[in-house]
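Hi everyone, thanks for coming along. I'd like to walk you through a structure that may be new to you, so please have a look at it while I talk.

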Amino acid sequence: MNTVTRLTGGFPRRVTRLTLLSGVWATALTLACSSPNENGTAQGGAAGSVANKGGSSSQSGGTTAQGGNATPQGGANVAQGGATNVSSGGSTAGASGSASGGSSAGAGGAQAQGGATMGMGGSLNGGAGGGNAEPYPKPASVPAETGASLWLRYPVVPIQVRLTEYKAAFKQVVKAGTDANVDVAVTELTTGLSGLTGAMVPAGTTTDSGSVIVGTVQAEPIKSLPLATRVATLGPEGYLVETADVGGKSVTVVAGNTPVGALYGSFALLRHLQTHRPLAGLSLSASPRIKTRLLNHWDNLDRTVERGYAGRSIWDWSALPGTISPRYKEYARANASLGINGTVLTNVNANAQVLTASYISKVKALAGVFRPYGIKVYLTARFSAPIEIGNLTTADPNDAGVKKWWADKATEIYGQIPDFGGFLVKANSEGQPGPQQYMRTHADGANMLADAVAPHGGVVMWRAFVYAEGSPVDRIKQAYEEFKPLDGKFKDNVFVQAKNGPLDFQPREPFHPLFGAMPGTPLTLELQITKEYLGEDTHLAYLGPMFEEVLKSDTYAKGAGSTVAKVIDGSLHNHTLSAIAGVANIGDDANWTGSHMNQANWYVFGRMAWNPDLTAEAVAEEWVRQTFSNDPIVVAPVVQTLMRSHQALVDYMTPLGLAHIMGTDHHYGPAPWVSNLSRAEWNPVYYHKADAQGLGFNRAPSPGSDAVAQYFQPVRDRFASRATTPDAFLLFFHHVAWADKLASGRTLWEELVHRYSVGVDEVGVMRDSWATVKGYIDDKRFTDVADFLEIQHYEARWWRDACLTYFASHSKQAIPAGYAMPAQALSFYQGLTCPADAKKPRCMPVYNGQPSPAVLK
Ligand code: GCV
C-alpha cells in the first residue's frame, strides 16, 4: 500500500497515492491524416536536423526516419504554425515561428551540406535577424550567472550594427496614461533598453525622436495616431508596437487598449530586441487566444511543494504580510513577460487554513505585488473547509448553512482582494473531500461555490482528475464517465479542468477524451510544467513538443479541425470563458526551476497559453536567444537539443505507449515490476500488462476496456484498430504480441529494445551537443547543465536496462544483435534502494560503466 501522510496546516491525513501513471499520446494531425509514427510533430524537424550531424546522432536520425514520415511531417506542421503566427500578427515568436518553422525542415538539408550551425541561423537571417551578416564575437569571458534573471537578462547587444540601430531608436521612454500597469511598462522598458544598449535610457516626459511612447489608446499622443484605430480591433489585452511620426519626431509606439495590453506590448518589444531583430518594418501585434492563463502552484503552507523539484515554495507565509520578498516582484515580471495573468497560490490537495482571515491578509499582500503586472490571485478551496475552519458539522453543498458560509467567505475575501480570481477545487479524488460524500454530484459542489463567487465576478475551476475507490476496469475511463453526464449542469462561471491526458502527466499520453465531449461547459487544459514523471529537475525534457502535440490534437468533436486548442480557447463551442493552467515548476532555488533548462518549460507554457498556435521550436529558439545567447553557434545546437529531448525521454522511459512504470511514489526511476500495491491501478503491472504473449493494455472494444469509445470518430476507430493506432500509443491501446511486426519491420520486442536504446543514445547526443557551447555561455550555467546531462545519460541507461531485463523476463527473448546487453541482471535493478532524499531518488550504483552507445551498429 502506497500511502503518504500529508501535513497540511494541522490537518494530517493519510492519502492513498497513485504510483503508476501512464502516458502516451499523439498529435491530432497524426491521427487525422498521416500514418502513425512515434515522433511528434515538432520532433520530426528536430530529429531530421540532428540526424544530419553524423556520428551517433545518425543512429537516432535513422531511427526517426524508420518510425514513419516524421521529419517531413514535422517540418510541414512547424511551418504551418509559423505561418499562422505571422498572419495573426504574432510578435517575436510569430516571426521566428515562421523563420524557424520553415527552416526546421530545411535545417536538416542545410546541415547535410555541412552548414550545421548556420542552418538555423541562416533561416533567421544570419542569426541576428534581418539580414545582418555581422558575426557574433566569441566572448573573451562571460560572467557567471545563477539563472535568477531567467529570460529577462538584457545583456548589451554584442553586434555593432544592431547596437547602433537600437541606440539611435531608444533614448527615452514616455508614458501615455496613468495606470500602474503602464508604470510597470515604463520601468521594464527603461531597464531592458538600458541593458541592451549599454546606455542609460531614462523615463522622459516630452516626445522627442528616439522616444518609446507606451500607453493606452485613450491617452495622447497615441489617441490621435492613425494606428489607434487598429489597436481597437485587438481586444482588451492586445497590443500594437510600431514606429510612428509624432509631431515630426520619429518614435516607437507601444499601444494597448488597456494598460495591461501596453505592458504586454512592452515585453513583446523587449523580446524582439533581446532576440536581436531588426527595427525596419517593426510591427508587432497580438492578442491572447485564451483569456485566463494560469499557473497552478502545488505549494503547501509549510513551504513544501508537492511534486516540486526547485527547493521550497517561494511563498514565505510566515513572513507575510509584513515582509515582501523581492522574489514576488521578479515572479510577477517573469509571468507578465509571457502573458500569464493569474496564479493559484496553493496546492490542490488543499489546506483550509488559507481561507482564514490571517492568511487572507497574506494573500492580499501578494495580490498587491502582482496587480501592477496584470496577475490575479486564486486559491484552492478545500471542500470540507466549512467543517474545518467554520465549525459547521457538514460540508453538504445543498445545506443552507454551508452555502451561506461560502458566500460569506467569498464576501470576506473580495472585501480584501476585489480582483480575486476565484477557486480551484480538487474534490473526491485521492482522498480529497467532495460533494460525493453527501451523495451530491460534482456539479452540485461546483455550483454552490460558483454561486458564492458569482456576485464578485469570480470563477470556479473544478478539476476532472478523479478516480474512484475500488478496482475499476480501466482507470482512464473514470473522468469521462463522471463528468460527461454533467455537461450543461454547471453554472456559467464554472470551468471543468482536465489534464492533457486521461491518466496523469505521463511522458506521453493521448489527449483527454473530455476535450470536445462537454460542449456545454468551458474546459480548462491543465498541463504539468513540473516534470513529475519526466526526470524532475535533472533530466532535460523540453515540454514544448508535448504541449504542441496536445494543443493540435484533433478531437473531431465538430468534424475535422476541432483541435484541443479550439476547445479550450472557447471558439469550438462558443464559450465566453476560456482558460489554460500549468502546474508550476517554481521554487526558491536561485534558478527558480531546479535546473536552467526547466526554465524553458515555464516559458513555453506561458507563450503557448497566450498563443496555442506557436510552435515548440519557435518558442525554444526565442527562449535560447534570451536565456543563453543569440550567437548561432549556441542557438542551433541548444534548440536542437531541446527539440529532441522530449522524444528521447519518452524512448528511454515509456516508448510505444507504455505508461506509469515509474517507481512508487517518487515517480523518478524505473519500476515496471511493481505489483504489490493494494489497489490494482497503483501498480505498473496494471498498465503494461506484460505476459508471455505480449505487452500493452487492451483498450479496444470488448474484450478490451473499450476506453476508445470515449473518443469521437474517426479517432475512436483509429485507436480501436491495432493496425491504425500510431506507434506512439500502441501499447496504451493494445496488447501486442511480442512477435508482432511494427511499421518499422521489427517485432514488438525488437522495437522495444531499439526504442529504449535510441533514447539512451539520444541523451549522449544531447550531452555532446551541449559540450559545443562551452566558452560561449558562462561557465556556471554551462557546467550545471553539463552535469545534469551526464546524470541523465546514466539514468537513461538505468531506465533502459531495468525495463528491458524486466520485459525480457516475459518475452523470454534475448537482446538482439547490434544492441548493448543490459549492464546488470534484473535482480540488481529490483534491489536498488535509492537515497533518502525522496525528491531525488538517485542510485549511485547506476553511475557505473559506459551508458552509451546502446545501439551498437
Ligand atoms: C496534487 C498525481 C500526483 C499528485 C497530484 C495529483 C493531482 O496523482 O502524483 O501529486 O496531487 O496527480 O493532480 O491531483
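**A first tour of the model**

Of the 857 residues in this protein chain, 66% count as buried. Please keep in mind that this is a predicted model. As for its make-up, the chain has 27 helices and 18 strands. What about contacts between residues at least 6 apart in sequence? Among those, 75% join residues at least 24 apart. On the outside, the chain exposes about 25,700 Å², and carbon and sulfur atoms supply 55% of that area.

Let's go to the ligand next. Which residues come nearest to it? There are 16 residues around the ligand, and the nearest are E306, K426, R463, K499 and E532. Sorted by class, this shell holds nine charged residues, three polar ones and four nonpolar ones.

Now for some individual distances. The side chain of K499 has an N or O atom 2.6 Å from an oxygen atom of the ligand. For R463, a polar side-chain atom sits 2.7 Å from a ligand oxygen. E430 also places a polar side-chain atom 2.7 Å from an oxygen atom of the ligand. And how much of the ligand does the protein cover? On its own the ligand has 340 Å² of accessible area, and the protein covers 100% of it.

Next, two helices. The one I'd start with is α8, residues 180-197. Its 18 residues reach 26 Å from the first C-alpha to the last, close to the 26 Å expected at 1.5 Å a residue. Is α8 mostly covered or mostly open? Mostly covered: 14 of its 18 residues are buried. Look at its two ends as well. At the N-terminal end, D179 acts as a cap, with a side-chain oxygen 2.7 Å from the backbone nitrogen of N181. After the helix comes G198, which has a positive phi, near 70°.

The other helix is α25, which takes in residues 748-771. With 24 residues at 1.5 Å each, α25 should span 34 Å, and its end C-alpha atoms are 35 Å apart, which agrees. Because 20 of those 24 residues are buried, α25 is largely enclosed by the rest of the structure.

Now please find H793, in helix α26, residues 779-811. Is H793 buried or exposed? With a relative accessible area of 0%, against a cut-off of under 20%, H793 is buried. Its side chain makes a polar contact of 3.1 Å with the side chain of R767, and also reaches the backbone oxygen of V760 at 3.5 Å. Leaving out residues up to four places away in sequence, H793 touches V760, V763, G764, R767, P851 and S852.

One last stop, this time in a loop. T593 lies between β16 (579-583) and α19 (599-610). This residue is buried too, because its relative accessible area is 1%. What does the side chain of T593 reach? It reaches the backbone oxygen of S595, at 2.8 Å. Again leaving out residues up to four places away in sequence, T593 touches Y309, A310, N585, N598, Q599 and W602.

That's the tour. If you keep one picture in mind, let it be the ligand, with 100% of its accessible area covered by the protein. Thanks for listening, and I'm happy to go back to any of these stops.

Terms used
Residues numbered from 1 in each chain as written. Predicted model: local features only at pLDDT ≥ 70, side-chain atom pairs only at ≥ 80, totals over all residues. Heavy atoms only, no water. Helix = DSSP H or I, 4+ residues; strand = E, 2+ residues; numbered from the N terminus. Expected span 1.5 Å × (residues − 1). Buried < 20%, exposed > 50% of the residue type's maximum accessible area, 1.4 Å probe, protein only. Near = heavy atom within 4 Å. Polar contact = N/O pair within 3.5 Å; in protein donor to acceptor, adjacent residues only side chain to side chain. Areas by Shrake-Rupley, 256 points an atom, 1.4 Å probe, with all protein chains shown as cover. Nonpolar A, V, L, I, M, F, W, Y, C, P; charged D, E, K, R; others polar. Contact = heavy atoms within 4.5 Å.
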